[in-house]
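Trainee: Could you show me how to read a few features of a protein model? I would like the general idea and then the case at hand.

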Amino acid sequence: MTDLAEMRRFLSQYDGPKMRIMEICGSHTASIAKNGIKEILSPAIQLISGPGCPVCVTPTAYVDRAIALAKRPDTCLVTFGDLLRVPGSSESLSAAKGMGASVEMVYAPADVVTFAKKEPDKQFVFAAIGFETTIPVYALLMEELLREEITNVKLLTACKTMPGAVSFLLENGADLQGFLAPGHVCTVTGSDAFAPLAKKYGIPFAVAGFEGEELLAALYGLLHMQGKGMVKNFYPSVVTAEGNPKAKELIERFFEPSDAAWRGLGIIPGSGLCLRAAYASFDAGSRDLTEDNQQNQACRCGQVLTGKLAPTDCPLFGKVCTPLTPQGACMVSEEGSCHTAMRYQ
Amino acid sequence: MCVAYPGTVIKVQPHTATVDFSGNRVEARTGLVDVAVGDRVLVHAGCILQKVSENEAAELEALMEEVKADA
Ligand code: SF4
């Protein structure tokens, strides 16, 4: 029986080869901080936050485009709250809203259907950012728009795929010995999505849930998988090897692979998903959003997102850049590494 | 942003289900999974993403033994 006490003991007393482990997902970063997991780990185990907060990797050009749409007299921009405070090149969506731009915040993308039916003469644009967890939700929204014959809703997409970013990091020689794979992305894609990368780079992946014990179990597993190019699923309550087939079919029906701009990483070929040409009439001009122009040149988000710098190594951290005056997206999102580092320091 | 919460399906309608989160009831889209009343489900952004299987503890324990034996 491997109980929690044994896992904690093992993880705190470990003195084998150095293990630099990246948690790819922003929700993992937040949970690791909340549960004080770094504090119990042996100095030989280092946790590094990866580029898995969709808000943090959304480039400035996207925010600027969303603001421009929200300022059109006939258009309302609908978004998750997470995106509201991200700085664009001159302002954020919430600042623009304060000046009269039309911005609505929702928890569920499907709410836009209700808005669109109520005001058929208005154009609604949903700011569709996210990874594989959220992309099927947009695919389902597309299905509903077609079924209900709604023509006054479009998507401004910045949809990204996780294996694309991980592959980029490994190709660029990131010094990592293991990954905590994102549990809810894998719920959709299946844990097998990371198998080719594990094999190619001889590096272990442990799919993890989001509770403290689930993260400890995955870390414990990873330390036992050192040097092995394999994926193991430590979140079997919702993750299977093949994922959710219906969700994958829906994504396939509405989206096709595209290049994507990641804040701080630049353009990674094939790491995004765009609406297929057949659904171009639902696209609010997402395809040409490839620039990664950053507002504050001193912001180190790029290096933070790739695990090269800790947030505290950024010269602006906690001084010019705070959750109230964010200079980069990593400080805006509740799940950004800089925000998390401020909150729990 | 990829947070998702587990709840229990208490009613199924066409395209949506009512999901109970310890007293809070929410309408969630069902297009990604076939669900029935009583199912434990994971909800993300107003959609049911997956059913939650109940024997996680046993599966995890088996997995732990497996990685330890391989190591
Ligand atoms: S502390 Fe602020 S400026 Fe520095 S990397 Fe993080 S978000 Fe960018």
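Mentor: Gladly! Let's start with burial: a residue counts as buried when its relative accessible area is under 20%. Keep in mind that this is a predicted model. B:Thr16 has 13% relative accessibility, so this residue counts as buried.

Trainee: Where is B:Thr16 placed, and which residues does B:Thr16 touch beyond four places away in sequence?

Mentor: B:Thr16 belongs to strand E2 of chain B, residues 16-21. Beyond four places in sequence, B:Thr16 touches B:Glu27, B:Ala28, B:Arg29 and B:Thr30. With B:Glu27 there is also a side-chain polar contact of 3.4 Å.

Trainee: Now A:Pro204, please: is that residue buried or exposed?

Mentor: The same cut-off of under 20% applies. A:Pro204 has a relative accessible area of 1%, so A:Pro204 is buried. The residue sits in the loop between helix H10 (195-201) and strand E8 (205-208) of chain A. Its contacts outside the four-place window include A:Phe179, A:Leu222 and A:Met230.

Trainee: And helix packing: at what angle do H1 and H11 of chain A pack?

Mentor: An angle is called oblique when it falls outside the roughly parallel, antiparallel and perpendicular ranges, the last being 65 to 115 degrees. H1(A), residues 4-13, and H11(A), residues 212-224, pack at about 55°, with axes 10 Å apart. That angle makes H1(A) oblique to H11(A). Their crossing is left-handed.

Trainee: Which residues meet there?

Mentor: Among them are A:Leu4, A:Met7 and A:Phe10 in H1(A), and A:Leu216, A:Tyr220 and A:Leu223 in H11(A). The residues of this contact divide into 9 nonpolar, 1 polar and 3 charged.

Definitions and conventions. Residues numbered from 1 in each chain as written. Chains lettered and ligands numbered in written order. Predicted model: local features only at pLDDT ≥ 70, side-chain atom pairs only at ≥ 80, totals over all residues. Heavy atoms only, no water. Axes fitted to C-alpha atoms, helices over the stretch in contact; angles between N-to-C directions. Helix = DSSP H or I, 4+ residues; strand = E, 2+ residues; numbered from the N terminus. Parallel < 35°, antiparallel > 145°, perpendicular 65-115°, else oblique. Left-handed = near helix turned anticlockwise from the far one by under 90°. Contact = heavy atoms within 4.5 Å. Nonpolar A, V, L, I, M, F, W, Y, C, P; charged D, E, K, R; others polar. Buried < 20%, exposed > 50% of the residue type's maximum accessible area, 1.4 Å probe, protein only. Polar contact = N/O pair within 3.5 Å; in protein donor to acceptor, adjacent residues only side chain to side chain.
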